[in-house]
Amino acid sequence: MAEIIPIPAFADNYIWLLRIGDVGAIVDPGDAVPVIAFLDRSGISPCAILATHHHGDHVGGIPALLARRQMPVFGPAREKIPGRTQAVSGGDRIVVPGIDATFDVIDVPGHTAGHIAYFGEFGGTPVLFCGDTLFTGGCGRLFEGTPEQMWASLSALGALPPETRVYCGHEYTLANLRFALAVEPASAELGARNRREQAKRDRGEPTVPSTIALERATNPFLRAHVPGVRAAAAAHAGHALADDVASFAALREWKNTF
Ligand SMILES: [Zn+2]
C-alpha cells in the first residue's frame, strides 16, 4: 500500500515519507533525528532522498541519513545540496528507485533561485511536493527571486490538475488563512476552510496536504489576478496596481508585515 507520512521536525516543518510496504523515499529531511527515529520504529528502509531547495531546514539531515545508508539524492541542479547524486531541473522526469514512483520536475524560482517542485502520481493520486514555494493558504517569502518569477512559479503550480494533493514544507495554514481573510473577508469558501483547518489543528492533525482546487479557491497568492483580490491589494498599497505581477508583489509585501 502506498502512503505519504508526515514526520514533524523543528517547530513547524514537515518531512514527507513516501512509503510502499517497508521501503520509503524522504522529501526535504531538514533534521535526521526524527526521520531515523521514525524509520527505526516503523521498520521502513529508506531508498532515496528528494530535496526541493537548499535551505538548512530542508536538507540539513541529509549527511546523517547518508552516513547510515547510501542512497540516491535528487536535488535542484542550480543549488548546493549536500550529498546530491542526481542534479535535476525543470522538464526532467525522474524515477525514484525502491518505491518505483515517477515525478516530473518543475522549476519554481522565487523563494530561492533554483527551487524545484516534484509532481507525479503516487498511490493512484496526483501529488505535488513544493517545498517553500506554494504553502497551504499562502506562499514562501522571496529570498532570492523576483515577484515576476514567483508569480510565474505559483501560476505553473496552480495550473496542475485540481485534485492534486499539495504537500508543502511547513504547517503555516492558520496564519496564512488569517491573512487570506484580511484580503477576502467576504469569501464563504475561505471562511469555511478556516473553520475546517482550525478544527484539524484543535485535534492535533496536520492541515497539509490540501489540493490545488482548494488553493485556487482560497489562497490569495494564487488569486492575485482576481479583480477583488487586486482591489484589496491596491487599497492596502495606497496606489493602483498595473498588472497581475504588481498585484502579487503588493500582496507579498502586505503579508510580510501582517
Ligand atoms: Zn526555504
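Okay, let's start at the metal: the zinc ion has four donor atoms with angles of 90 to 167 degrees among them, and that makes its site irregular. Four donors would be called tetrahedral if all angles lay between 85 and 135 degrees, or square planar if opposite donors were over 155 degrees apart and all others between 65 and 115; anything else is irregular. Keep in mind that this is a predicted model, where local features need pLDDT of at least 70, side-chain atom pairs count only at pLDDT 80 or more, and totals for chains, interfaces and linings use all residues. Residues are numbered from 1 along each chain as its sequence is written, and side-chain values use heavy atoms, with hydrogens and water left out.

So who holds the zinc? His 53 through NE2, His 55 through ND1, His 111 through NE2 and Asp 132 through OD, at 2.2 to 2.3 Å. Donors here are N, O and S atoms within 2.8 Å of the metal (3.2 Å for Na, K and Ca), and sites may look incomplete because water is not among the atoms. Along the sequence, the spacing reads H-x1-H-x55-H-x20-D.

His 53 is buried, at 0% relative accessible area; His 55 is buried too, at 17%. Buried means under 20%, exposed over 50%, partly exposed in between, with a 1.4 Å probe and protein chains only.

Next, helix α1, residues 32-42 (helices are DSSP runs of H or I, at least four residues, numbered from the N terminus). Its buried residues are Ala 32, Val 35, Ile 36, Phe 38 and Leu 39. The face turned away from them carries exposed Val 33, Asp 40 and Arg 41. Just after α1, Gly 43 has a positive phi of about 75 degrees.

How values were computed
Four donors count as tetrahedral if all angles lie between 85 and 135 degrees; four count as square planar and six as octahedral if opposite donors are over 155 degrees apart and all others between 65 and 115; anything else is irregular. Helices (H or I, at least four residues) and strands (E, at least two) are DSSP runs, numbered from the N terminus.
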